[in-house]
There are 2 protein chains.
Amino acid sequence: MKNRPKEASIEKLADLYKIFGDATRIRIMYALMPGEMCVQDIADSLNMTQSAISHQLRILKTSCLVKSRREGKAIIYSLADTHVSTILSQGLDHVEE
Amino acid sequence: MKNRPKEASIEKLADLYKIFGDATRIRIMYALMPGEMCVQDIADSLNMTQSAISHQLRILKTSCLVKSRREGKAIIYSLADTHVSTILSQGLDHVEE
DNA sequence: GACAAATATGTTCATGTGTTCATCTAAGGG
DNA sequence: CCCTTAGATGAACACATGAACATATTTGTC
């Protein structure tokens, strides 16, 4: 059990969890687990508007939880690293007890 | 990589992370890591009002992240299980890269 | 029982947050 | 070029959230 982290780390930590603290964003991340997807496909799969998804994707990207690349007209999103799935399944363990 | 969880689990997961998504609550949990503490001591250690801490403790307790017992006039709080520290250090890993 | 100490709770207020709607930008096809 | 398609962005609005303040509750002491 480590010491209490620095104030800066605590703020960062809270901010990180804030990102995970929204069902839409979690759904997006789970949608991206099997593989990359474009915005409209995510929207369709979650039954939400393109705009709503785009807004959330921006938040996820700013926090480096997803990354994107352009392919013609479409922009393809994918999970940024394996940490994301790790954190999610960690939380799921706690929830599903 | 598992299947997408049920809707109910996703909501619960988001709610769980929402709890972790506040610096005050994280500070409280870190304060409780070394061992149990009464409300006023937590408040002093974090330089916050007793009321603010009590409100947050109630949220943490409702989510089963801390537990409490009475000892005379005081109520002593402690972390509910080891999952809490696990989740916190997991997030810290991601943050401190 | 009156009182003090330790917490809990209710209310209020300012601030954040997520979605929608309308609009804007970028890329490809004719 | 003009138009269509795919996303991004900005403003507005409704709703949630955290802290402060005052007050209530519970317990121990005299």
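Q: How many helices and strands are there in chain A?
A: In this predicted model, chain A has five helices and three strands, where helices (H or I, at least four residues) and strands (E, at least two) are DSSP runs numbered from the N terminus. Residues are numbered from 1 along each chain as its sequence is written, and chains are lettered from A and ligands numbered from 1 in the order in which they are written. Local features need pLDDT of at least 70 and side-chain atom pairs count only at pLDDT 80 or more, while totals for chains, interfaces and linings use all residues, and side-chain values use heavy atoms, with hydrogens and water left out.

Q: And in what order do the elements of chain A run from the N terminus on?
A: The order is α-α-β-α-α-β-β-α, and the C-alpha atoms of chain A fill a box of roughly 50 × 30 × 20 Å along the principal axes.

Q: At what angle do the axes of H2(A) and H3(A) cross?
A: They cross at roughly 115° and come within 10 Å, with axes being lines fitted to C-alpha atoms, for helices over the stretch in contact, and angles running from 0 to 180 degrees between N-to-C directions. H2(A) and H3(A) are therefore roughly perpendicular to each other, given that angles under 35 degrees count as roughly parallel, over 145 as roughly antiparallel, 65 to 115 as roughly perpendicular and the rest as oblique.

Q: Which residues make that contact?
A: From H2(A) there are Thr24(A), Arg27(A), Ile28(A), Ala31(A) and Leu32(A), and from H3(A) there are Ile42(A), Ser45(A) and Leu46(A), contact meaning heavy atoms within 4.5 Å. By class, the contact of H2(A) with H3(A) has five nonpolar, two polar and one charged residues, where Ala, Val, Leu, Ile, Met, Phe, Trp, Tyr, Cys and Pro count as nonpolar, Asp, Glu, Lys and Arg as charged, and the others, Gly among them, as polar.

Q: Switching to the DNA, which residues come nearest to strand C?
A: Of the 25 residues around DNA strand C, the nearest are Thr24(A), Arg25(A), Ser51(A), His55(B) and Tyr77(B), a residue being near a strand if one of its heavy atoms lies within 4 Å of it. Sugar and phosphate account for 60% of the atoms of DNA strand C that come within 4 Å of the protein.

Q: What polar atoms lie close to strand C, then?
A: An N or O atom in the side chain of Arg25(A) is 2.7 Å from a phosphate oxygen of DNA strand C, and a polar backbone atom of Val39(B) is 3.4 Å from a phosphate oxygen of that strand. His55(A) has a polar side-chain atom 3.5 Å from a base oxygen of DNA strand C. These are polar contacts, pairs of N or O atoms within 3.5 Å; within protein, one must be able to donate a hydrogen and the other to accept it, and residues adjacent in sequence count only if both atoms are side-chain atoms.

Q: Which element gives the largest share of that surface?
A: H4(B) does, with five residues of the surface near DNA strand C.

Q: What about strand D, which residues are closest there?
A: Cys38(A), Tyr77(A), Thr24(B), Arg25(B) and Ser51(B) are the closest of the 24 residues that surround DNA strand D. A side-chain N or O atom of Thr24(B) is 2.7 Å from a phosphate oxygen of DNA strand D, and a polar side-chain atom of Gln56(B) lies 2.9 Å from a phosphate oxygen of DNA strand D.
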